[in-house]
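Visitor: I am new to reading protein models, and I would like a close look at one part. Could you show me how a pair of helices can pack together, and then place that pair in the whole?

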Amino acid sequence: MADPTTSDSPSAACTSRRCRRTAGSGALRRRPALPGARLCGSCSRALRADLAALPGLHQDSEEHMILPARQAGLPRVTGHRPQAPPVSEEALQARHDTVVRLAFWARLVLEEAEAAPAPPERTVPALAAFLGRHADVVAALPAAGTAADEIAHAATALRRIVAPPRPALVPLGRCVEPGCEAEVSLPGRGGDGLVLRGPMCGAGHVLTPRQWLLLSRRQQTSHDKETA
């Protein structure tokens, strides 16, 4: 957690690290901050959007706390003694970090606010709602850029838990269906898509095990010709 007392003096430029845009020369520069704030309009709106999304993301992430046994890499055992379910350390960390970050910035807002508001409960819905109501105070903090970046990081981490990015596709060659020239691909890390349906081409043809073997042989023949 960054120390807000080490922030630079107020600047005409937005202090969030996300605030970069391409200038006509191709160089990267930050947008000007809003009057009386240290964030630009775009980053201020992004901050409010992240705060509004955090309660739902945090709630949804609870469903991803328990890992399937196959994903956790645990051996299947039989017997009458129950085993503790495998827990996602990534989900635990993301949820914990969200509470810690929001509580930290809420405490600073309480210190900076002219009319001291009632402190929120230490829950994500209460903390996010509190910071959303006082987003203007957050945007004027000496460490407003750090606040926006940390809150964005918390939202991104939870989104990865709730909706993990799809794995990159590995090209396998042209489809073996007659008349189809589409590329066949597989998820780079395997996963349920591979187990349930096997490789599929861009046109939607799902290869049978026999067709998959044919494709593999075709690739090997092509490789042998290239290296001969």
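Guide: Happy to help; we start with the whole, then turn to the helix pair and a few other spots.

This is a predicted model, in which local features need pLDDT of at least 70 and side-chain atom pairs count only at pLDDT 80 or more, while totals for chains, interfaces and linings use all residues. Residues are numbered from 1 along each chain as its sequence is written, and side-chain values use heavy atoms, leaving out hydrogens and water.

The protein has eight helices and five strands; these are DSSP runs numbered from the N terminus, with helices (H or I) of at least four residues and strands (E) of at least two. Along the sequence they follow the pattern β-β-α-α-α-α-α-α-β-β-α-β-α.

Now for your pair. Two packed helices are described by the angle between their axes and the distance between the axes. Helix 1 (residues 41-61) packs against helix 4 (residues 124-133) at an angle of about 170 degrees, and their axes are 9 Å apart. Here axes are lines fitted to C-alpha atoms over the stretch in contact, and angles between N-to-C directions run from 0 to 180 degrees. That makes helix 1 roughly antiparallel to helix 4 (angles over 145 degrees count as roughly antiparallel).

Which residues meet? From helix 1 come Arg48, Leu51, Leu54, Pro55 and His58, and from helix 4 come Val124, Pro125, Ala128, Leu131 and Gly132; contact means heavy atoms within 4.5 Å. By class, seven residues in this contact are nonpolar, two are polar and one is charged. Ala, Val, Leu, Ile, Met, Phe, Trp, Tyr, Cys and Pro count as nonpolar, Asp, Glu, Lys and Arg as charged, and the others, Gly among them, as polar.

How far can we trust the picture? Confidence is highest in helix 4, at a mean of 96, and lowest in strand 1 (residues 21-22), at 44; pLDDT is the predictor's confidence in each residue, from 0 to 100. Over residues 2-10 the pLDDT is below 50. Where pLDDT is low, the predicted coordinates should not be read in detail.

Elsewhere, a search of the whole structure finds one aromatic pair. The ring centres of Phe104 and Trp105 lie 4.9 Å apart with planes at 90 degrees, so the pair is edge-to-face (centres within 6.5 Å, planes over 60 degrees apart). Both Phe104 and Trp105 are buried, meaning under 20% relative accessible area.

Key:
Angles under 35 degrees count as roughly parallel, over 145 as roughly antiparallel, 65 to 115 as roughly perpendicular and the rest as oblique. Rings of Phe, Tyr and Trp (its six-membered ring) pair if their centres lie within 6.5 Å; planes under 30 degrees apart count as stacked, over 60 as edge-to-face and the rest as tilted. Buried means under 20% relative accessible area, exposed over 50%, partly exposed in between (1.4 Å probe, protein chains only).
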